[in-house]
Amino acid sequence: MTVEIIVCIKQIYDLAQIKIDTSKRPVTEGIARKLSDFDRNALEEAVRIKEKHGGNVSAVIKGTKDAAKEALSMGADEAIVYNVDTDSLGTAYMLAGLIQKMKYDLILCGEASIDEYSFQTGPRLAHALGIPALTYARKIELQDGDVIVERDLEKVYEIVKTKLPALVTVTKEINEPRIPTLIQILGASKKKITELSPSKPDAGVETLSIIAIEMKRKEVILKDVENLAKIIMAEK
Amino acid sequence: MIFVFSEDNETAFEILSEANKLADSSKSKIAAISFGGTEDDYIACGADIVFSINIEPHEDSVVEGISVLIDQYKPETLLIGSTKFGREVAPGIGQRFGAGCATDCIDFSKDNENLTVKRLVLGGRFITTQRFLRKPQIATVPPGRFEKNINKSRKGEIIKISFKPAKTRVQVMETKKKVPQEMKIEEANIIVSAGRGLKKKEDLKLIEALANVLGGAMGCSRSIAADLKWLPEEHWIGLSGHKVNPRLYIAIGISGQVQHIAGIRDARTIIAINKDPNAPIFKSCDYGIVGDLYDIVPRLTEILKKKS
Ligand SMILES: Cc1cc2nc3c(=O)[nH]c(=O)nc-3n(C[C@H](O)[C@H](O)[C@H](O)COP(=O)(O)OP(=O)(O)OC[C@H]3O[C@@H](n4cnc5c(N)ncnc54)[C@H](O)[C@@H]3O)c2cc1C
Ligand SMILES: Nc1ncnc2c1ncn2[C@@H]1O[C@H](COP(=O)(O)O)[C@@H](O)[C@H]1O
């Protein structure tokens, strides 16, 4: 059985590089962007499943064309990119709108995007499409039209099974995403990128502000261990 | 009406106390959703009404059950425990009702009619304020964020709800228990934490010895718990691990990436031991010492042993 896989990917700013302006707001101009960490795991897993079972991997990406190229060099067969900012409700409406027109057996998302850390898009999209969501996967297997997932929950690992089509969200532990080779990067330029501009959907929440959390610390550098021990005795 | 749900009872108790604060300003009734056995406790913790649903709770049936109640009672707000279970239920309900949801809210207020929340974003370095644009307003609340408030003399109403959930599409084949852990790192006054600066698992002994002299608990970075699996998840500190507030936090061989710092913001004093003078941890600590942990930690442990 070959599988049609769709991977949902968000391009994000490199969080460690984000600067702060005088009003403590984040400054993102000129900051490098990358595919959100867990989304790279989702894409890697999609490519591995395709390598095993045959089929096709389509990446649906929020971001720039560079993000699409990166996904294609990691092994996606085609990419759809768009760049509309909204909340989780709006994102799920938009993704469902795009994906409804595509063929799919399996949809993969990250458990969360690392800038928003919302854990919402996967379950929402599954609801919007009327398919089951299996979250927090650390292992995925396909077998006779079923997907079997090992979920990493707080106190247990839970092995669950459902019929395809289904949506699975993956954890960082599921695999080690590949670094594309030069040949793969060059090969990617032949693959298809479709740029779309869906209209801005209704959102459920609006962002009023984003402010850096200040942590005032003393930042004293000590020279010797004796001194450190004294401070520890005083602080404990 | 404000709905409160968490399959984790302690978290439900905590949210009920926060819901009461929100309700004071709006005179809303608070309704807790129970899947059996917890009705009286919910009332003692602040529920005016408990909807008691007698079904096998899993993600799909809970979404369905709460949806039935939303259709009937039209709550303006739903507060849901931010466990992995809750974080699947909340957006599921949100999508079903065309409603927004804010994950891991740490602060709630009212802006006229609308709920306004604060949550951490961008690796936990920033705090965002968000306002709901439509109803119901759904927010998830991290376990341990608020304090429960028990009063056994409180009165409330229990309403039994019966409905038949659709057949689940997801079949659970097996559950494997994780190694259970007694420790609650959130409760430790002193935490000595290990990072990737350690070369091998056995070297955790150095960290443990220091923690023991100080009567503290051992913590670690994500790398140690998630990638290397040298310590169970209970020790994992940071944005995706545990958020702690000890009097003293000692970070050893931890670089101090934003996501780690997000877990230790509330520590009173942070000490760092790292061999790289440019490690970001030195910008987030009170006292730091630049050097090889294999040299510093054993010496420090010896000195402290003599002092105590
Ligand atoms: C969405 C997301 C969530 C995350 N959540 C968390 C989280 O909850 N908690 C968390 O910790 N991380 C989290 N991370 C990962 C985080 O970004 C870092 O990768 C991680 O904290 C690094 O761990 P570390 O400091 O142990 O390792 P490294 O970054 O590799 O640092 C090792 C440090 O040890 C020092 N060192 C090496 N040898 C010695 C020596 N002999 N003596 C002294 N010092 C030495 C080095 O100078 C270096 O600074 C998250 C990441 C993402 C994307
Ligand atoms: N705008 C988006 N476009 C495509 N995929 C997305 C988008 N936002 C989130 N995702 C996917 O949903 C996952 C969870 O994101 P979040 O709900 O933002 O934490 C991510 O890991 C992605 O796989």
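**Close-ups of ligand 1 and chain B**

**View 1. Helices from two chains help build the shell around ligand 1.** Chain A brings α1 (37-53), while chain B brings α6 (222-227), α7 (258-261) and α8 (293-307), and each of these helices supplies at least two residues of the shell. Keep in mind that this is a predicted model. Ligand 1 itself sits between chains A and B.

**View 2. Zooming in on the residues around ligand 1.** There are 29 residues around the ligand, and the ones that come nearest are B:Arg196, B:Ser221, B:Ser240, B:Ser255 and B:Gln259.

**View 3. Oxygen atoms of ligand 1 meet polar atoms of chain B.** Start with B:Ser221, where an N or O atom in the side chain is 2.6 Å from a ligand oxygen. With B:Arg196 the backbone does the job: one of its N or O atoms lies 2.7 Å from an oxygen atom of the ligand. B:Gly197 also uses a polar backbone atom, at 3.5 Å from a ligand oxygen. On its own, ligand 1 has 980 Å² of accessible area, and the protein covers 84% of that.

**View 4. Chain B, with its eight helices and 16 strands.** Its C-alpha atoms fill a box of roughly 65 × 45 × 40 Å along the principal axes. Of the 308 residues in chain B, 58% are buried. Looking at contacts in chain B with a separation of 6 or more, 61% join residues 24 or more positions apart.

**View 5. The surface and charges of chain B.** Carbon and sulfur atoms account for 48% of an accessible surface of about 13,300 Å². The chain carries 44 positive and 39 negative side chains, with the centres of the two sets 4 Å apart.

Methods
Residues are numbered from 1 along each chain as its sequence is written. Chains are lettered from A and ligands numbered from 1 in the order in which they are written. This is a predicted model: local features need pLDDT of at least 70, side-chain atom pairs count only at pLDDT 80 or more; totals for chains, interfaces and linings use all residues. Side-chain values use heavy atoms; hydrogens and water are left out. Helices (H or I, at least four residues) and strands (E, at least two) are DSSP runs, numbered from the N terminus. Buried means under 20% relative accessible area, exposed over 50%, partly exposed in between (1.4 Å probe, protein chains only). Contact means heavy atoms within 4.5 Å. Accessible areas come from the Shrake-Rupley method with a 1.4 Å probe; for residues, only the protein chains shown count as cover. Lys and Arg count as positive and Asp and Glu as negative; His and the chain ends are not counted. The place of a charge is taken as NZ of Lys, CZ of Arg, CG of Asp or CD of Glu. A residue is near a molecule or strand if one of its heavy atoms lies within 4 Å of it. A polar contact is a pair of N or O atoms within 3.5 Å; within protein, one must be able to donate a hydrogen and the other to accept it, and residues adjacent in sequence count only if both atoms are side-chain atoms.
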